[in-house]
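Here are a few exercises to work through with the structure open beside you. Try each one yourself before reading its solution.

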Amino acid sequence: MGAVEAKLAELGLSLPDVVPPLAAYQPAVQSGPYVYTAGQLPMVDGKLPVTGKVGAEVTPEEAKELARTCALNALAAVKSVAGDLDRIARVVKVVGFVASASDFTGQPAVLNGASELLGEVLGDKGVHARSAVGVAVLPLDAPVEVEIQVELA
């Protein structure tokens with residue numbers, strides 16, 4: 001077990017299996033020293049734990065936890081092509097989508113779930129640029145979707 005996975009274990013977390021694609025794409029691809037993940041839903045054991053819009057059926061607090069799950073799934077996708085999470089030199093960018101009720105404007109706070117997890121697990125290597133976007137609907141009626149780009153050492 002590498003240092004990153006040991007840190008996950010210390011936090012009481014484990015790396016999940018890679019979420020299989022829902023359509024014609026790969027969970028992650030490598031181009032040069034970079035790994036780009038597809039958008040990761042908060043799947044747990046092959047299912048969404050909750051569906052709906054944030055600010056309506058899903059609370060912002062629940063959505064923040066779901067964003068953490070998305071980030072874990074993204075790390076699993078990175079490992080599937082990088083082989084070892086200890087190869088991560090830094091997280092470059094996080095893009096998050098929040099299925100939002102029409103009056104919900106707290107997308108950045110929701111995406112903090114993913115950003116904070118990456119910081120807890122990777123330390124300074126987890127500091128990144130980010131976009132937090134509110135959308136009308138996501139695949140499978142998921143509340144949150146997160147993609148990451150990382151640079152490998």
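**Exercise 1.** In this predicted model, work out how the side chains along β2 are arranged.

*Solution.* Start with Val 35 and Thr 37: these two point to one face and are buried. Now look at Tyr 34 and Tyr 36, which point to the other face and are not buried. Buried here means under 20% relative accessible area. That back-and-forth is what you'd expect, because side chains in a regular strand alternate between the two faces of the sheet.

**Exercise 2.** Find the neighbours of β2 and say how they run.

*Solution.* Take β1 to begin with: 4 bridges tie it to β2, and the two run antiparallel. Across that pairing, Gln 30 sits opposite Val 35. The hairpin of β1 and β2 has 2 residues between the strands, and Gly 32 takes a positive phi near 60 degrees there. Next comes β5 (residues 144–152), joined to β2 (residues 34–37) by 3 bridges, again antiparallel. In β5, Val 150 stands opposite Val 35, and Glu 151 is the bridge partner of Tyr 34.

**Exercise 3.** Place β2 in the whole sheet, then add the helices.

*Solution.* The open sheet has 5 strands in the order β1-β2-β5-β3-β4, with mixed pairing. Its edges are β1 (28–31) and β4 (129–135), each pairing on one side only. From one strand to the next, the twist averages 15 degrees. Helix α2 (residues 60–82) packs on the sheet and touches β1, β2, β3 and β5, at about 40 degrees to β5. Helix α3 (residues 107–122) lies across β3, β4 and β5, at about 145 degrees to β4.

Definitions and conventions:
Residues numbered from 1 in each chain as written. Predicted model: local features only at pLDDT ≥ 70, side-chain atom pairs only at ≥ 80, totals over all residues. Heavy atoms only, no water. Pairing = 2+ DSSP bridges. Axes fitted to C-alpha atoms, helices over the stretch in contact; angles between N-to-C directions. Contact = heavy atoms within 4.5 Å. Buried < 20%, exposed > 50% of the residue type's maximum accessible area, 1.4 Å probe, protein only.
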